[in-house]
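Me: I've got a chain open and I'd like to go through the labels people put on it. Can you tell me what each one rests on?

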Amino acid sequence: MTAMFTRIRTPLTPTLVLLGLGLANIAAAAPNAAAVTVGDLTVTGAHARATLPGQPVGGGYMTVTNAGDTDDRLVAVSSPVAGRAELHEMRMDGDVMRMRPLPDGLPVPAGETITLEPGGPHLMFMDLAGPLVAGEIAPVRLTFERAGAVDVPFAIAAPGQRETTGMHH
Ligand SMILES: [Cu+2]
């Protein structure tokens, strides 16, 4: 467990990106996403949905618990699997559910747990370098306003059923 965190926390280098991240190796070391702690925050259940070839975007989900007495905020997300990554929320537009970026980030209030899940706030991986393959791991860097940056392995899960009808990107 400790060894895995050490590996995952190692900053990703451009070389790793060019080599396709060595995803298989990382997946072998970390078949399940484990809890990752940074400051007062603990991230659990980090996972992304597998995507089909040519699919330009993928969603990321997780739970963040703030055990401290100071509010924090998820302000940025990035991953070498994606050209860019955004924080999104779902919002009704008439009778259609749409997602849109959260320009001010996602609050993680003191003493509370927030859940990013289908149909709710989520991470959006845009401009995917390639398909997200079930069973592999997507390394994701989360940056919190107070707790700082932390690298979290996102387990890529097989695509499930359609999550939200009428969802448009
Ligand atoms: Cu989205």
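Reply: Happy to. Let's start with exposure: a residue counts as buried if 20 or more other C-beta atoms lie within 10 Å of its own, exposed if 12 or fewer, and partly exposed in between. Keep in mind that this is a predicted model.

Me: Good. Then why is A129 called partly exposed?

Reply: A129 has 14 other C-beta atoms within 10 Å. That count falls between the 12 of the exposed class and the 20 of the buried class, so A129 is partly exposed. It sits in the loop between β9 (122–128) and β10 (137–144).

Me: What makes V81 and A82 contacts of A129?

Reply: A contact needs C-beta atoms within 7 Å. Leaving aside neighbours within four places in sequence, V81 and A82 are the residues in contact with A129. For the backbone view, the C-alpha atoms of A129 and V81 are separated by 5.6 Å, although the two are 48 residues apart along the chain.

Me: And P80, buried or partly exposed?

Reply: P80 has 19 other C-beta atoms within 10 Å, and buried starts at 20, so P80 is partly exposed. Its place is in the loop between β4 (72–78) and β5 (82–93). P80 and A129 are 49 residues apart along the chain, with their C-alpha atoms separated by 8.1 Å.

Me: What makes D127 exposed?

Reply: D127 has 11 other C-beta atoms within 10 Å, and the exposed class takes 12 or fewer, so D127 is exposed. D127 belongs to strand β9. Its backbone is worth a look too: phi is near 50 degrees, a positive value in a residue other than glycine. As background, most residues other than glycine have a negative phi.

Me: How do you know that V64 is buried?

Reply: There are 25 other C-beta atoms within 10 Å of V64, and the threshold is 20 or more, so V64 is buried. V64 is in strand β3. Not counting residues up to four places away in sequence, V64 touches L41, V43, L74, V108, T113 and I114. On the C-alpha trace, V64 and T44 are 6.5 Å apart in space and 20 residues apart in sequence.

Me: What makes a group of residues the largest nonpolar core here?

Reply: Members have to be buried nonpolar residues, joined through C-beta atoms within 7 Å. The largest such set has 29 residues, and those with the most contacts inside it are L41, V43, L74, A138, L142, V152 and F154. Its largest share, 5 residues, comes from β10. Take V43: beyond residues up to four places away, V43 touches A35, V36, M62, V64, L142 and V152. In general, nonpolar side chains tend to be buried together in soluble globular proteins.

Me: Why is β10 called mostly covered?

Reply: Of the 8 residues in β10, 6 are buried, each with 20 or more other C-beta atoms within 10 Å, so the description fits.

Me: How do you know that β10 is paired with β4 and β11?

Reply: Pairing takes at least two bridges. β4 and β10 share 4 bridges, so they pair, in the antiparallel sense. In that pairing L74 stands opposite F144. β10 and β11 (residues 148–157) are joined by 8 bridges, so they pair as well, again antiparallel. R141 has D151 in β11 as its bridge partner. β10 and β11 also form a hairpin with 3 residues between them.

Me: What makes β9 a partner of β3 and β5?

Reply: The same bridge cut-off applies. β3 (residues 58–66) and β9 have 3 bridges, so they pair, antiparallel. G59 is opposite M124 there. β5 and β9 have 6 bridges and run antiparallel, with H88 and H122 as bridge partners.

Me: Last one: how confident is the predictor, on average?

Reply: The chain averages a pLDDT of 82, and 75% of the residues score at least 70. Over residues 1–31 the pLDDT is below 50, and that stretch has 30 contacts in the model beyond near neighbours in sequence. Residues 161–166 are also below 50, with 7 such contacts.

Terms used
Residues numbered from 1 in each chain as written. Predicted model: local features only at pLDDT ≥ 70, side-chain atom pairs only at ≥ 80, totals over all residues. Helix = DSSP H or I, 4+ residues; strand = E, 2+ residues; numbered from the N terminus. Contact = placed C-beta atoms within 7 Å. pLDDT = per-residue confidence, 0-100.
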